[in-house]
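This briefing addresses selected features of the structure shown below. The points are grouped by topic.

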Amino acid sequence: MLNFLARRVIQLVPTLFFVSLLIFSLQHLLPGDPALVMAGEERDPAVIAQIRQQYKLDQPIPVQYVYWVKGVLSGDFGESLRNKMPVRALIAQKLPVTMQLASMAIVIAFLIGIPAGIVSAVKKGTAWDYGANLFALWGISTPNFWLGIMLIFLFSIELGWLPASGYVPLTENWRASLASTIMPAFVLGNAIAAVLMRHTRSAMLQVLESDYVRTARAKGLSERSVILKHAMRNALTPVITLGALELGTLLSGGVLTEQIFSIPGFGKLIVDAVFNRDYAVVQGVVLTTATIYITLNLIADIAYILVNPRLRA
């Protein structure tokens, strides 16, 4: 177990290096000059030259990359070209918002998708199966922006139960925070729940036809014990992979959902940074997201071993 973890951690280093190289290279392929954007409408040549010198934009791209990597290794992601704030402070400000929203969305997805998939597999060919598949089709097909607007119309305008937009931090008022994030979390979790349901159903159908499940039934074990202790545990491996990948996607920010509900998370931050040619913010946010994504995959690998004892060998 420890050797496995050590190998995976060592693999993170070259992976993050290539990710950082890719992020930095692709960012500089975007059209436009950030110095011209910062200089404003007058675009005084002296001001533009001073901006390029201050942010090392007058240096060759490989030299800029070296300066950036040195800063990242010391915990300095640079300064935002737009609002003059440290990128690390912006990430620390926006990341908790996105983490709360993503955590709530993935919990909703698991609570809906996995039970629906299990019931659909166990009750194959019945009304329960058709209903679960209909839900999955609806969840995958429904656009997030449309569902978000409909939820705002119903629960905020018509019923007045929940706020239509905005965000309240958990540290200020946890009740208001949950009220402001439950609708966007459901919008994001709805589509993921549909995908989880389909994967859980497929994995359960395959496991239920295996020899050890038939043996467990032949021993006289109850159907509930066979499903929960034998079948479900072995069927969760692909679901864990999917859950980790979907959580990583959520942490990168649901741009449309955050815009609809006015949630100040990663999605809005990176979109604004791209439009403003704010290199430092884009690079810092994408690198942070990639690091979280890779870490979640490592956690998923550990969960494999905990769920399936055969992998411990």
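In this predicted model, the chain over residues 177-196 is 100% helix and 0% strand. The C-alpha atoms at the two ends of residues 177-196 lie 27 Å apart. An unreviewed UniProt entry lists residues 177-196 under "transmembrane region".

**Annotated transmembrane regions**
- Besides residues 177-196, the UniProt entry gives residues 12-30, 101-122, 134-157, 239-261 and 281-307 as "transmembrane region".
- Residues 134-157 are 92% helix and 0% strand in the model, with 28 Å between the end C-alpha atoms.

**Surroundings of Q100**
- Q100 belongs to helix 5, which spans residues 87-122.
- The relative accessible area of Q100 is 9%, and this residue counts as buried because that value is under 20%.
- Outside its neighbours within four places in sequence, Q100 contacts Y167, L170, S177 and T181.
- With Y167, the side chain of Q100 forms a side-chain to side-chain polar contact of 2.7 Å.

**Packing of helix 9 against helix 10**
- Two packed helices are described by the angle between their axes and the distance between those axes.
- For helix 9 (residues 211-218) and helix 10 (residues 223-251), the axes come within 10 Å and cross at roughly 160 degrees.
- The angle is over 145 degrees, so helix 9 and helix 10 are roughly antiparallel to each other.
- The crossing of helix 9 past helix 10 is right-handed.
- On the helix 9 side, Y212, V213, A216 and R217 take part in the meeting of the two helices; on the helix 10 side, E223, V226, H230, A231 and N234 do so.

How values were computed:
Residues numbered from 1 in each chain as written. Predicted model: local features only at pLDDT ≥ 70, side-chain atom pairs only at ≥ 80, totals over all residues. Heavy atoms only, no water. Helix = DSSP H or I, 4+ residues; strand = E, 2+ residues; numbered from the N terminus. Buried < 20%, exposed > 50% of the residue type's maximum accessible area, 1.4 Å probe, protein only. Polar contact = N/O pair within 3.5 Å; in protein donor to acceptor, adjacent residues only side chain to side chain. Contact = heavy atoms within 4.5 Å. UniProt positions renumbered as here; feature names shortened; annotations may be inferred. Axes fitted to C-alpha atoms, helices over the stretch in contact; angles between N-to-C directions. Parallel < 35°, antiparallel > 145°, perpendicular 65-115°, else oblique. Left-handed = near helix turned anticlockwise from the far one by under 90°.
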